[in-house]
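Trainee: Please take one helix of this protein and go through it closely. I would like its geometry, its surroundings and its packing.

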Amino acid sequence: MAPTPKQITEFMHAAEDEAQMAGIIGEVPIGAVVVHDGKIVGRGHNLREHSQNGTHHAEMMAIEEACLVLHTWRLEECDLYVTLEPCPMCAGAMINSRVRTCYWGAADPKAGAAGTLVDLLTDTRFNHQVGSVGGVDADISAKMLQDFFRGIRAKRKAAKKQKQAAAAASTTTVVADPAVAHAEAEHEEPEITGLAVLKYAAKLEAKQKQADQDAKAANK
């Protein structure tokens with residue numbers, strides 16, 4: 001039985017809750033749920049950064065849980081709700097799992113495989129077609145993504161400024177200590193750095209040049 005408009009909204013809200021959970025832990029906020037007979041049997045959100053596994057998209061996690069709950073890989077009487085248009089991998093997983101219908105939120109201009117770049121879900125060349133209904137709560141899903149990436153850019157900008165400030169602070173001019181001048185007068189070679197090194201080297205060079213001139217004069 002097809003879900004009512006009220007149920008579609010309810011289940012998409014559940015997917016949005018999953019997306020928010022992903023955002024809280026620093027993952028891209030994408031969430032999904034799988035529904036069977038009006039009940040959620042699988043939940044998932046993006047986990048690829050935490051797991052360092054590129055297959056751990058929200059849809060994949062939700063499908064995996066649904067299969068465990070229902071004890072079957074065939075999800076023919078199940079619908080999947082996801083906040084972002086599925087990518088080719090997730091669309092393929094829905095086809096192979098025999099998902100009945102996919103309800104998705106915001107379009108994905110970079111990887112959308114439900115009509116934006118390609119339409120794998122309804123391609124009749126495959127042995128199964130997944131019904132596709134896009135744009136469900138699209139504004140909410142899009143805003144979550146926009147806010148997340150805006151925050152990432154702000155953090156990177158702040159980190160860059162902090163790094164530049166630290167670099168500027170580390171390039172302060174080194175001023176020669178009075179003890180260095182006293183050591184030079186005593187013909188010692190103190191451990192010095194920065195501009196003091198240059199001044200001390202120039203003084204030694206001048207002394208050596210004067211000594212060479214005096215030696216030449218004495219030999220004449």
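Mentor: Start with a cut-off: angles under 35 degrees between axes count as roughly parallel. Keep that in mind for the packing. Note also that this is a predicted model.

First, the setting. The protein has seven helices and five strands. From the N terminus, their order is α-β-β-α-α-β-α-β-β-α-α-α. Of the 220 residues, 35% are buried.

Now take helix α3, residues 58-70. Its 13 residues should span 18 Å at 1.5 Å a residue, and the end C-alpha atoms are 18 Å apart, so the expected and modelled spans agree. After α3 comes His-71, with a positive phi near 60°.

Next, burial. The buried residues in α3 are Ala-58, Glu-59, Met-61, Ala-62, Ile-63, Ala-66 and Cys-67. An α-helix has 3.6 residues a turn, so residues three or four places apart point the same way. The cover over the buried residues of α3 includes the strands β1 (31-36), β2 (39-45) and β3 (78-84). Helix α4 (88-97) is also part of that cover.

That leads to the helix pair. Two packed helices are described by the angle between their axes and the distance between the axes. For α3 and α4, the angle is about 20° and the axes are 9 Å apart. The two helices are therefore roughly parallel to each other. Their crossing is left-handed. On the α3 side, Glu-59, Met-60 and Ile-63 make the contact. On the α4 side, Met-89, Cys-90, Ala-93, Met-94 and Ser-97 do so. Glu-59 and Ile-63 are thus listed both as buried and as part of this contact.

How values were computed:
Residues numbered from 1 in each chain as written. Predicted model: local features only at pLDDT ≥ 70, side-chain atom pairs only at ≥ 80, totals over all residues. Heavy atoms only, no water. Helix = DSSP H or I, 4+ residues; strand = E, 2+ residues; numbered from the N terminus. Buried < 20%, exposed > 50% of the residue type's maximum accessible area, 1.4 Å probe, protein only. Expected span 1.5 Å × (residues − 1). Contact = heavy atoms within 4.5 Å. Axes fitted to C-alpha atoms, helices over the stretch in contact; angles between N-to-C directions. Parallel < 35°, antiparallel > 145°, perpendicular 65-115°, else oblique. Left-handed = near helix turned anticlockwise from the far one by under 90°.
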